[in-house]
Amino acid sequence: MIYLDANATTPLHPEVLAAMLPLLRDNFANPSSVHGPGQAARAALDAAREQCAAALRCAPREIVFTSGGTESDGLALRGAVEAAIATGAVADPRDPASRAAGRPRPRIVTTAVEHPAVGGACEALEREGVDVVRVGVDGEGRLDEDAFAAALDAPGAVLGSAMAANNETGVLFPVERLGTLCRARGVPLHVDAVQWVGKAEIRLDELPVDLLTVSAHKLQGPKGAGLLFVRRGMELRAVQPGGHQERGRRGGTENAAGIVGLGEALQRACAGAKALAPEIVRLRDRLEAAAAAIPGTRIAGAGAARVCNTLCAVFEGCDGETLLASLDLLGVAVSTGSACSSGSLSPSPVLLAMGLSPALARGAVRFSLWSGNTRAEIDRVAELLPEVVARVRGAPSPAKG
Ligand code: PLP
């Protein structure tokens, strides 16, 4: 198989597995237990926390381990809103008395192209009365920064939330500038960095970011492990209350093996990011040139800065799902969009937000590369693609709902 679906997930790195095995096989103790094996498990968690902090250039106490990107995003958004409500700075929209007191409703300023992990958390908060502003993008997927700033100026703004790299198109948002806009207004910024970490150098000691989401399985780490960076001084309410774990910010017995895997994977990914990016970009651009040479093809976000590994090609008059299935039969694994929405017949909201028509957006295929891809693999896909696209274009299109 030629695997070009790294934005969905990546294979576990053998060294990550090796680091996890002792906790899976030998030391099963609860890290909260006070006996020797428990302390050994706790020491493994502490070491993983240090690894993560060193990789991201932050302090170990600023790391909250979670079950992955979705949980970290949910914790960032809900945790920030609940903390702001608790201080009395904004009204509790669920409480009529609080609303009547004249305080503004809490407001989140986010974007129209976020991953469903952020999108879903926003929708849930919106149903409870939180005001959510989704700032749009232009035809290349670039954020309207003036609109983002203006939305932050309204009363009640408690959080900005923007992804670093888009999971479907790879388009990068200007994290540093957005952080500066937020800081100038005293509003914290959350960044979903799931598709950014390991593909660029990230320095939390320099970036004006207060909350940052990482997921292990996009970095050759295990599924079910991730973290939320919470800058010191940032008020955050636990979304999963319970035990004292994670300094009261996330209750529940820690996934010790997963966390150790995350630490190893994150250290490896961050250390290798600078060297890897140009190699991956060369392969991605090679594939992109081959796709773009097929008549009636456009590359989503080609005019914007993009993360090194992602290519979203839109083939006019072609059904993306059929193209995916045809490539799959030939041993090439790709995606039509975010894994969470694949299998649905509705076109990608990200591409619609970029102004593509629903018909055109249905012709999108995402190729996302990883460090295991070779030039021979890319050349093979480049060779197959024109023929497969022509075949799918000639095929009767499946009924759409
Ligand atoms: N955020 C982005 C940008 C993603 O691409 C993903 C996964 O595709 C997630 C969040 C969710 O991460 P997880 O699968 O770890 O819950």
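Here is a friendly exchange about how some labels in this predicted model are earned.

Reader: What kind of model is this, and how are residues numbered?

Author: This is a predicted model, where local features need pLDDT of at least 70 and side-chain atom pairs count only at pLDDT 80 or more, while totals for chains, interfaces and linings use all residues. Residues are numbered from 1 along each chain as its sequence is written, and side-chain values use heavy atoms, with hydrogens and water left out.

Reader: Why is Ser215 called buried?

Author: Buried means under 20% relative accessible area, with exposed over 50% and partly exposed in between (1.4 Å probe, protein chains only). Ser215 has 3% relative accessibility, so Ser215 counts as buried.

Reader: Which residues does Ser215 touch, and what makes a contact?

Author: A contact is a pair of heavy atoms within 4.5 Å. Not counting residues up to four places away in sequence, Ser215 touches Gly69, Val194, Ala225 and Gly226. Ser215 and Ala225 are ten residues apart along the chain, and their C-alpha atoms are separated by 6.4 Å.

Reader: Where does Ser215 sit, and how do you know a strand when you meet one?

Author: Ser215 is in strand β7 (residues 211-215). Strands (E, at least two residues) and helices (H or I, at least four) are DSSP runs, numbered from the N terminus.

Reader: What makes a nonpolar core, and which residues touch the most other members of the largest one?

Author: The term covers a set of buried Ala, Val, Leu, Ile, Met, Phe, Trp, Tyr and Cys residues joined through side-chain atoms within 4.5 Å. The largest such core has 69 residues, of which Leu56, Val214, Leu227 and Leu266 touch the most other members. Helix α8 (residues 256-292) gives this core its largest share, nine residues. A second, separate core holds 30 residues, including Leu4, Ile299, Ala382 and Leu384.

Reader: How do you know that β10 and β12 pair?

Author: Two strands pair if DSSP finds at least two bridges between them. Strand β10 (residues 310-315) and β12 have five bridges, in the antiparallel sense, and Val314 stands opposite Ala364 in β12. The open sheet runs in the order β9-β10-β12.

Reader: What makes β9 and β12 edge strands?

Author: β9 (297-299) and β12 (364-368) each pair on one side only.

Reader: Which helix lies across these strands, and at what angle to β10?

Author: Helix α12 (residues 375-394) lies across β9, β10 and β12, running at about 30 degrees to β10. Axes here are lines fitted to C-alpha atoms, for helices over the stretch in contact, and angles run from 0 to 180 degrees between N-to-C directions.
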